[in-house]
Amino acid sequence: HPDQRALVERSFSGPARVSGSAGTGKTIVALHRAVHLARRATAGRVLLTTFSTALARALKFRLGHLIGNEPEVARRIDVEAINDVALCLYTARFGAPVITAEAGIHALIAQANPKLSAGSFTDKFLLGEWNDVVDAWNLQSWEEYRDVARLGRKTRIGGKQREALWAVFADVRASLASKSLVTWPALFAHLTAALAVGGERPYEAVVADEAQDFGVPQMRFLAALVSDRQDGLFFAGDLGQRIFQTPFSWKALGVDVRGRSSTLRINYRTAHQIRAQADRLLPQSIADVDGLVESRRGTISVFDTAPPQTEIFSNSETEAKGVAEWIAERRRDGYAPHEIGVFVRSDTELDRARRAVAQSGNDAVELGEAAVGAAGKVSIGTMHMANPENA
């Protein structure tokens, strides 16, 4: 579409972002943008990235269709998940890291928590505070924690409470250091600091898809990766589709897209009836922390379908029975099992999907990092795997 092509081919003086509701072609723009930059940059390399390995594989597959007959251009584009990119660069510079899982952090917090007054904060709260604030922003001192804005955290805490909390987090940091362990945010922070002091950068430009699910460490890393190069950073994403990340200021991290932000309004994938119902879950306009507004006003879909159905069940047993009956009805309509998907909000609800598919008399396959279904089986997965580009 001309609106998409204009964004693909436009030259931007700084970081740029394209938004739009699901199905408006943001990923198409990201793919073509990466190709456009690679064709133009005959010497440098272009990184096409996203927040998960599954999505990166889907992008690589589609890129092959787009430029399979242009091997020279294809060789100048790396398609990798952001964590995989960082891990590779970190290992090349500093050696292979030992990354601790969240369970390890949880155990360290539980050990340090007794420093707080009994019952003041739960381990769950402390883990959230560590993930969303302390580790995400790479806070290394009491003064940094005292002054940081705790965006997205619902529980207010005063100065004295912060001081007590920092004693716990300082213990966690000391324990990690003594065991030579790093977290993913710490890995990104170390690599970002190394890039900031100079040296060769591996990419001339970066195109990031599903940017709404990038966190503070990843955004800082991308800003350092291409510095302030013209056309260096291009983001595709939709604030309304944010799943994993708490809000934060892009501008504060050196990624200022003000004046270089656009919205796509023609929906090619989502039928009018489904889009209209989904849009009711969100305000017509959403503003980010930097005050940039993404509006859904004026969005149109290019086709119609049957209205979506919403059912409410009193418990998980009646839910499983209801979903099983729905699956059985679709099978009677002539749909093959692999044409049916059952999605839940998070990994903890996947058993509900498994029970429903089993009760329908069908086999299930779980969509994982490979993001592929299987003939003769109903696909189940978490909501972020529901994008047909990924399945």
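This text walks through the cores, salt bridges and surface of the structure above. The model is a predicted one.

Start with the interior. In soluble globular proteins, nonpolar side chains tend to be buried together. Here the largest nonpolar core has 57 residues. Tyr145, Phe169, Phe221, Leu222, Leu225 and Phe235 have the most contacts inside this core. Several elements each supply at least two of its residues: H5, helix H6 (102-112), H7, H9, helix H10 (184-196), strand E4 (205-209), H11 and E5. Helix H11 gives the most, with 8 residues. Apart from this core lies another, of 25 residues. Phe12, Val29, Val35 and Leu48 are among the residues of that other core.

Phe169 shows how one of the well-connected core residues is surrounded. Beyond its neighbours within four places in sequence, Phe169 contacts Leu126, Glu129, Trp130, Val134 and Tyr145. Tyr145 is also on the list of residues with the most contacts inside the largest core.

Now turn to Ile82. This residue lies in helix H5, which covers residues 82-94. Its relative accessible area is 1%. The cut-off for buried is under 20%, so Ile82 counts as buried. What does Ile82 touch, leaving aside neighbours within four places in sequence? Its contacts are Thr49, Thr50, Phe51, Phe188, Phe214, Gln218, Phe221 and Leu222. Two of these names, Phe221 and Leu222, also appear among the residues with the most contacts in the largest core. Phe121 is another matter: Ile82 and Phe121 are 39 residues apart in sequence and 33 Å apart in space, C-alpha to C-alpha.

Next come the charges. Side chains of opposite charge can pair when their charged atoms come close. The whole structure holds 17 salt bridges. One of them joins the side chains of Asp231 and Arg40, at 2.9 Å from N to O. This pair links distant parts of the chain, 191 residues apart. Asp231 sits in the loop between helix H11 (216-226) and strand E5 (233-236), while Arg40 is in helix H2 (residues 26-40). Are the two partners buried or exposed? Asp231 is buried, at 4% relative accessibility. Arg40 is partly exposed, at 44%. Arg33 joins Arg40 and Asp231 in a network of salt bridges.

A second long-range pair is Arg173 with Asp135, whose closest N and O atoms are 3.8 Å apart. Arg173 belongs to helix H9 (residues 159-178). Asp135 lies in the loop between helix H7 (123-134) and helix H8 (142-147), 38 residues away in sequence. Arg173 is buried, at 15% relative accessibility. Asp135 is buried too, at 3%.

Arg75 and Glu72 form another salt bridge, with an N to O distance of 2.2 Å. Glu72 has a relative accessibility of 49% and counts as partly exposed.

Finish at the surface. Tyr268, Val302 and Phe303 form a nonpolar patch there. Together they have about 270 Å² of accessible area. Val302 is in the loop between strand E10 (300-301) and helix H13 (316-332). One patch member also has a buried contact: Phe303 touches Thr270, and Thr270 is buried at 15% relative accessible area. Thr270 is placed in the loop between strand E7 (266-267) and helix H12 (272-279). Not counting residues up to four places away in sequence, Thr270 also touches Ala22, Gly23, Arg275 and Ser301.

Definitions and conventions: Residues numbered from 1 in each chain as written. Predicted model: local features only at pLDDT ≥ 70, side-chain atom pairs only at ≥ 80, totals over all residues. Heavy atoms only, no water. Helix = DSSP H or I, 4+ residues; strand = E, 2+ residues; numbered from the N terminus. Buried < 20%, exposed > 50% of the residue type's maximum accessible area, 1.4 Å probe, protein only. Contact = heavy atoms within 4.5 Å. Patch = residues over 30% accessible without salt bridge, like charges linked within 9 Å, V, L, I, M, F, W, Y side chains within 5 Å. Areas by Shrake-Rupley, 256 points an atom, 1.4 Å probe, with all protein chains shown as cover. Salt bridge = Lys/Arg side-chain N within 4 Å of Asp/Glu carboxyl O. Core = buried A, V, L, I, M, F, W, Y, C linked by side-chain atoms within 4.5 Å.
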